[in-house]
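Here is a short briefing for a reader who is new to this structure. Please look over the sequence and the model before reading the points below.

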Amino acid sequence: MTAVLNTMSEVRRLRRTSSSSRGPVLGAVGVIGFLGIWELVSRLGLVDSRFVPPASEVLVQFGVYVVDKAFWRDVGSTMLSWSLGLAIAVIAATVLGFLIGSSRIMERLTHSTIEFLRPVPSVALIPLAVLLFGTQIQAGLLLIVYAAFWQVLLQVIYGAKDVDPVADSTARSYGLSRFQRIRYVTWPTALPYLMTGIRLAAAVALILAITAELIIGTDGLGKQIAETREGGAITSMYALILATGLIGVAINLVVRFVERRTLAWHTSVRMEAAG
């Protein structure tokens, strides 16, 4: 019987190893296939190469940017706006989310305001941002914080409201203070929701950082994309767009890694790892 169980365990381990190794391979095949189609479409004249240059030319230009110090300064400016805006949004939304989600009175008081402000697109605030801050970094931060804030706030509110009433009553019966109940009962329940909100907010923050640089003209990759477009350097424009895409992929991978490490104890993560 023990031998059978060991064999089954080994089979499951091999399946997990095979599945984890297939993922990156299939992803690489998909990227190569996309680049190949892009190259053919441009080379065969199916689209005007003046507007959609071949993938090979874009990759060469991207390689030129990689060794260009000015490019990395722009990347640094974009990442600074992204990280500051995301940090401010996460901290503010987490604190408010716990306050609102833990109090029925606060939820009722803020529900209408949240439902009114949440649908307002961040780009609609661009005139206000320019009026207040011009082309300084604060203008981009206003857009980033506003957009990312709602992603985290709603998730934290849902998480704080999802606390098991039996667990909360048990904590009260044992004489735990409000802070202790938040730490030992509410926090573990809301943490998966918070991590989901951060993952969503990280992507939204990058989008708004690039948007602010494109439209407002704050320093960063978005500003360089706008300048290459206006100067007719279409290949350089596509290379910069490719760079923003790669940054987005890197951010997503890092956030997912942090999420898995933070929630290693959670059932969903353990089931994912077992599968």
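The points below cover the interior, the surface and the salt bridges in turn.

This is a predicted model. Its largest nonpolar core has 59 residues, and a nonpolar patch on the surface has about 690 Å² of accessible area. A search of the whole structure finds seven salt bridges.

**Nonpolar core**

- Within the largest nonpolar core, Leu143 and Leu153 are the residues with the most contacts.
- At least two residues of this core come from each of these helices: H2 (55-66), H3 (69-101), H5 (126-133), H6 (137-161), H8 (178-215), H9 (221-230) and H10 (234-262).
- Helix H6 gives the most to this core, with 15 residues.
- Not counting residues up to four places away in sequence, Leu153 touches Ala93, Leu96, Gly97, Ile100 and Ile114.

**Two residues of helix H3**

- Thr78 is found in helix H3, and so is Ile91.
- Thr78 counts as buried because its relative accessibility is 0%, where buried means under 20%.
- Leaving aside neighbours within four places in sequence, Thr78 is in contact with Leu206, Ala209, Ile210, Glu213, Gly220 and Leu221.
- Ile91 has a relative accessible area of 57% and is therefore exposed, the cut-off for exposed being over 50%.

**Nonpolar surface patch**

- The patch is formed by Ile91, Val95, Leu96, Leu99, Ile105, Met106 and Leu109.
- Two elements, H3 and helix H4 (104-117), give two or more residues to the patch.
- H3 gives the most to the patch, with four residues.

**Salt bridges**

- Among the salt bridges is one between the side chains of Asp48 and Arg50, at 2.6 Å from N to O.
- Asp48 is partly exposed at 31% relative accessibility, whereas Arg50 is exposed at 58%.
- Another salt bridge joins the side chains of Glu115 and Arg118, at 3.1 Å from N to O.
- Glu115, at 35% relative accessibility, is partly exposed, and Arg118, with a relative accessible area of 34%, is partly exposed too.
- Glu230 and Arg229 also form a salt bridge, and their closest N and O atoms are 3.5 Å apart.
- Glu230 counts as exposed at 62% relative accessibility, while Arg229 counts as partly exposed at 46%.

Conventions. Residues are numbered from 1 along each chain as its sequence is written. This is a predicted model: local features need pLDDT of at least 70, side-chain atom pairs count only at pLDDT 80 or more; totals for chains, interfaces and linings use all residues. Side-chain values use heavy atoms; hydrogens and water are left out. A nonpolar core is a set of buried Ala, Val, Leu, Ile, Met, Phe, Trp, Tyr and Cys residues joined through side-chain atoms within 4.5 Å. Buried means under 20% relative accessible area, exposed over 50%, partly exposed in between (1.4 Å probe, protein chains only). Contact means heavy atoms within 4.5 Å. Patches are made of residues with over 30% relative accessible area and no salt bridge: like charges are joined within 9 Å, nonpolar side chains (Val, Leu, Ile, Met, Phe, Trp, Tyr) within 5 Å. Accessible areas come from the Shrake-Rupley method with a 1.4 Å probe; for residues, only the protein chains shown count as cover. A salt bridge is a side-chain nitrogen of Lys or Arg within 4 Å of a carboxyl oxygen of Asp or Glu.
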